[in-house]
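Work through the exercises below with the sequence and the coordinates at hand. Try each task before reading its solution.

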Amino acid sequence: MTAVSVVQRQHLVGAVLVTLGMAATVGGALGFEHIGGYIPCALCLLQRNPYYYGIPLGLLAIVSSALKLPAWITRTLLLLVGVLMLVGAGMGVYHSGVEWHFWEGPSTCATAAQGVSSDVGDLLGDLDAKHAPSCTDAALRVLGLSFAGWNVIASLILAAIALRAAAKA
């Protein structure tokens with residue numbers, strides 16, 4: 001194998017790993033929302049944006065590597081994905097700090113309460129069952145971390161994968 005094909009393979013593997021990781025992370029968040037019934041707050045929804053932008057860039061990195069386009073194209077795409085994941089980690093740190101009351105959050109954290117019935121008969125039942133999301137209260141903690149805290153960890157791991165793959169020359 002030539003040095004160029006080894007680098008292309010490393011780029012491809014990195015692009016596939018980071019793209020699958022981003023899809024799994026945001027897919028898990030969507031699963032908790034639509035299957036688990038956890039209504040995301042405004043900060044939760046904002047933390048998904050780096051994934052929504054990063055997944056198409058990751059797919060482009062996979063395609064550029066698979067088509068053996070110049071390595072700088074794949075490296076640039078992976079670098080962009082890495083930066084997006086670092087931004088996502090920063091957003092998660094901010095949201096986690098708001099949840100732990102280290103600092104003030106946004107003045108309003110309202111989102112539309114999805115799943116509330118428009119049928120008047122079901123409205124009172126829905127209002128009792130559904131609670132508006134709060135940016136200051138974690139909906140769920142697993143091993144002491146909220147969704148925002150786990151997003152920090154996932155984003156940092158994904159950033160490391162993307163940036164390491166981008167650094168391969």
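The exercises go from the overall fold to helix lengths, helix packing and single residues.

The model is predicted: local features need pLDDT of at least 70, side-chain atom pairs count only at pLDDT 80 or more, and totals for chains, interfaces and linings use all residues. Residues are numbered from 1 along each chain as its sequence is written, and side-chain values use heavy atoms, with hydrogens and water left out.

**Exercise 1. Overall content**

State how many helices and strands the protein chain has, and what percentage of its residues count as buried.

Step 1. Helices (H or I, at least four residues) and strands (E, at least two) are taken as DSSP runs, numbered from the N terminus. The count for the protein chain is 5 helices and 0 strands.

Step 2. Read from the N terminus, the order of elements is α-α-α-α-α.

Step 3. Buried means under 20% relative accessible area, exposed over 50%, and partly exposed in between, with a 1.4 Å probe and protein chains only. By this rule 34% of the 169 residues are buried.

**Exercise 2. Helix lengths**

Check whether the end-to-end distances of H3 and H5 agree or disagree with the expected spans.

Step 1. The expected span of a helix is 1.5 Å times one less than its number of residues.

Step 2. Helix H3 covers residues 71-99, which is 29 residues, so 42 Å is expected; the end C-alpha atoms are 42 Å apart, in agreement.

Step 3. H5 has 21 residues, so its expected span is 30 Å, and the end C-alpha atoms are 30 Å apart, again in agreement.

**Exercise 3. Record against model**

Compare the "transmembrane region" annotation in UniProt with the model.

Step 1. The unreviewed UniProt entry lists residues 12-31, 51-69, 76-94 and 147-167 under this feature. UniProt positions are given in the numbering used here, feature names are shortened, and annotations may be inferred rather than shown by experiment.

Step 2. In the model, residues 12-31 are 100% helix and 0% strand, with end C-alpha atoms 28 Å apart.

Step 3. Residues 147-167 are likewise 100% helix and 0% strand, and their end C-alpha atoms lie 30 Å apart.

**Exercise 4. Packing around H3**

Determine how H3 is oriented to H5 and to H2.

Step 1. Axes are lines fitted to C-alpha atoms, for helices over the stretch in contact, and angles run from 0 to 180 degrees between N-to-C directions. The axes of H3 and H5 (residues 147-167) come within 8 Å and cross at roughly 160 degrees. H3 is therefore roughly antiparallel to H5. The cut-offs are under 35 degrees for roughly parallel, over 145 for roughly antiparallel and 65 to 115 for roughly perpendicular, the rest being oblique.

Step 2. H2 (residues 42-66) packs with H3 at about 165 degrees, the axes being 9 Å apart. H2 is therefore roughly antiparallel to H3.

Step 3. A crossing is left-handed if the near helix is turned anticlockwise from the far one by less than a right angle, and right-handed if clockwise. H3 passes H5 in a left-handed crossing, and the crossing of H2 and H3 is left-handed.

**Exercise 5. Polar side chains**

Find the polar contacts made by the side chains of Asn 151 and Glu 99.

Step 1. A polar contact is a pair of N or O atoms within 3.5 Å; within protein, one must be able to donate a hydrogen and the other to accept it, and residues adjacent in sequence count only if both atoms are side-chain atoms.

Step 2. Asn 151 lies in helix H5 and is buried, at 7% relative accessible area. Its side chain contacts the side chain of Tyr 51 at 2.7 Å. A polar atom of the Asn 151 side chain also lies 3.3 Å from the backbone oxygen of Gly 88.

Step 3. Glu 99, in helix H3, is buried with a relative accessible area of 7%. The side chain of Glu 99 contacts that of Ser 146 at 2.4 Å.

**Exercise 6. Loops and backbone angles**

Is Lys 68 buried or exposed, and what is its phi?

Step 1. Lys 68 sits in the loop between H2 and H3. Its relative accessible area of 58% is over the limit, so Lys 68 is exposed.

Step 2. Phi of Lys 68 is near 60 degrees, a positive value in a residue other than glycine. Just after H3, His 101 takes a positive phi of about 60 degrees.
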